[in-house]
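Student: I have a structure open and would like to talk it through with you. Could we take it step by step?

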Amino acid sequence: MLINILLLILSIGIYASFGISNLIYILFSTVTTYVSARIIANKRVTKGGEPYNVNYTDKENKNAEIIKEVKDENSKNNQNKKNGKWILIITIAVNTCILIAIKILLYGQAKLNWLSGVQIIAPLGISYYTLQVISYIVDVYKGKIEAEKNFFKYVLYVMYFPYLFIGPITRYEDMKNELFKNKRIKPENIYNGTIRILWGLTKKIVIAGRVGILIGTIASDVSAYKGAYALLAMLLYSVQLYADFSGGIDIVIGGSKMLGINLKENFDSPYLSQSIKEFWRRWHIALSSWLKDYIYIPLGGNRCGKIRNKINIIITFVISGFWHGMNYLLWGLLHGLLVVYGKILKTKWKPLNIIITFLLVSILWSFFIWPDTLTSLQMIGSIFTNFNYAQMFTNLLNLGLNLANIIVLIISVIVLIIFDIKKEKIISKIKSYKLEGKLAIIGTLAILVLVFGIYGIGFNVSEFIYSKF
């Protein structure tokens, strides 16, 4: 199909434009998992790789030669399955070790002065495509999906450029039908996709851009901006990260929609959650789902005792922290503990639960704001010891935004909150509009982005926060 050929060429070209080394890394992961999956699939002699069953109780019909033949077949199948398992383990281990090594080396170089002067190549999107290829080969091994025979189709699945840098993390069983179906460019998809892209740009450039200036000022001087300033930065970072990350996903989903490709949602109004556990069902859904299916459940999930189940949850969240980087291990551990023991914080009042959850999530974002774990903990501690709230409010206009920009930011955040609360009704209403209504929305959003967007030196609109992970 012509569109897929163009998408493949464009994806390879865009990725290679960031450096040939990036292309080498991703092609290595692509080739190793493609070849391994084909070998595993070829070794699956019987359905699901399971041996034949024979009824040994029927002595009258038992034939020694037939039994021997079936036993030999069973032995062969068991050996094939064992070999396939080793191929699976080795392939996952190799690709995972590359990701782990890069995370450790980057942390060591930045925090421990390892290999100073040496340029460590960190491939763009490695955290995303590594999880995708692992899910693919595991699903092939389990017999959930067929191994893709067409290498170029598999390359397109791994390297599809809209989701390569910030997600969402996709599964092959979902993307196969979307990527390789007969696609038709429909006007309705163009309009809906454009609206989604512009809404994402509004969140990214109008909201996240402004919040980023405030946080940048506060985080730049930890000695001057403690206590109330630190708390303000944490609360604002919740807004910035959500607007930035979900805005990027809106652009990815909207661009794909224009091509007739439907991607799954990655956010479901996460800050309306009443617990940390619920938050992780609504935030970065693709990652949460991946960790559940490929880490938590294989560890035993909830099929074991209560203590083991809690340990499994905590391990899963520590791995989530490591996926973000070595600096976020404690962040992952604390989230795991809050998921396990979060019930003690829950009240019978829904609004209060939402506020408590938002505060907890915001405080833990501190590990993303400041450069190291110790500083983050110190800033968390300062909000309980340094009560300089009056000073902060007095100094608010000296943090990088004037009054007009603060008003624009407040109005934009209120609009975002209303949208999240009434999202389903608003989306349904927009889809029911005729062409004139959709063009009016497109024009309005485009003007908002052009007029109120934050541009200029020191702000790169193409740099999404989650692209660095």
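Student: Happy to start with a single residue. In which loop does His284 lie?

Tutor: Keep in mind throughout that this is a predicted model. Looking along the chain around His284, the elements on its two sides are helices, the second of them covering residues 285-299. His284 therefore belongs to the loop between α10 and α11.

Student: Is His284 buried or exposed?

Tutor: The cut-off for buried is under 20% relative accessible area. His284 has a relative accessibility of 0%, so it counts as buried.

Student: And what is phi of His284 near?

Tutor: Here the backbone deserves a look, as His284 is a residue other than glycine. Its phi nevertheless has a positive value, near 45 degrees.

Student: Which other non-glycine residue has a positive phi, of about 45 degrees?

Tutor: Go to the loop between α9 (228-258) and α10 (276-282). A serine sits there, and its phi is positive at about 45 degrees although it is not a glycine. The residue is Ser269.

Student: Is Ser269 buried or exposed, and what is it in contact with beyond its sequence neighbours?

Tutor: Its relative accessibility is 2%, so Ser269 counts as buried. Leaving aside neighbours within four places in sequence, the residues in contact with Ser269 are Tyr242, Arg282, Asp420 and Lys423.

Student: Let me follow Asp420. Which residues does Asp420 touch, again not counting those up to four places away in sequence?

Tutor: Asp420 is placed in helix α18, residues 403-421. With a relative accessible area of 12%, Asp420 is buried. The residues that it touches are Tyr242, Ser269 and Leu272.

Student: What separates the C-alpha atoms of Asp420 and Leu272?

Tutor: Along the chain these two residues are 148 residues apart. In space, the separation of the C-alpha atoms of Asp420 and Leu272 is 8.3 Å.

Student: Zooming out, what share of the contacts with a separation of 6 or more is made by residues 24 or more positions apart?

Tutor: For background, the protein chain comes to 20 helices and zero strands, and 47% of its 469 residues count as buried. Among contacts in the chain with a separation of 6 or more, the share from residues 24 or more positions apart is 75%.

Student: Now for some helix packing. How is α4 oriented relative to α5?

Tutor: Helix α4 (residues 126-142) and helix α5 (residues 151-159) have axes 9 Å apart and pack at an angle of about 135 degrees. That angle makes α4, relative to α5, oblique.

Student: How do the residues of that contact of α4 with α5 divide by class?

Tutor: From α4 come Tyr129, Gln132, Val133, Ser135 and Tyr136, while α5 brings Tyr154, Tyr157 and Val158. By class, the contact of α4 with α5 comes to six nonpolar, two polar and no charged residues.

Student: How is α5 oriented relative to α7?

Tutor: These two helices pack with their axes 11 Å apart, at an angle of about 110 degrees. That makes the arrangement of α5 and α7 roughly perpendicular.

Student: Which residues make the contact of α5 and α7?

Tutor: By class, this contact of α5 with α7 has six nonpolar, no polar and one charged residues. On the α5 side are Lys153, Leu156 and Tyr157; on the α7 side are Tyr172, Met175, Leu179 and Phe180.

Student: Why can the buried residues of α7 be said to line one face of the helix?

Tutor: In α7 (residues 172-180), the buried residues are Tyr172, Met175, Glu178, Leu179 and Phe180. Their cover includes α1 (2-17), α4, α5 and α6 (161-164). Seen down the axis of α7, the buried residues line one face because they fall within an arc of 160 degrees.

Student: Which peptide bond is cis, with omega near 5 degrees?

Tutor: Look at the loop between α6 and α7, where Pro168 is found. The cis bond leads into that proline, running from Gly167 to Pro168.

Student: One last point: how many disulfides does the structure hold?

Tutor: Two cysteines can be looked at on the way. Cys97 is partly exposed at a relative accessible area of 47%, and Cys304 also counts as partly exposed, at 29%. As for disulfides, the number in the structure is zero.

Conventions: Residues numbered from 1 in each chain as written. Predicted model: local features only at pLDDT ≥ 70, side-chain atom pairs only at ≥ 80, totals over all residues. Heavy atoms only, no water. Axes fitted to C-alpha atoms, helices over the stretch in contact; angles between N-to-C directions. Helix = DSSP H or I, 4+ residues; strand = E, 2+ residues; numbered from the N terminus. Parallel < 35°, antiparallel > 145°, perpendicular 65-115°, else oblique. Contact = heavy atoms within 4.5 Å. Nonpolar A, V, L, I, M, F, W, Y, C, P; charged D, E, K, R; others polar. Disulfide = S-S within 2.5 Å. Buried < 20%, exposed > 50% of the residue type's maximum accessible area, 1.4 Å probe, protein only. Arc of directions from axis to C-beta.
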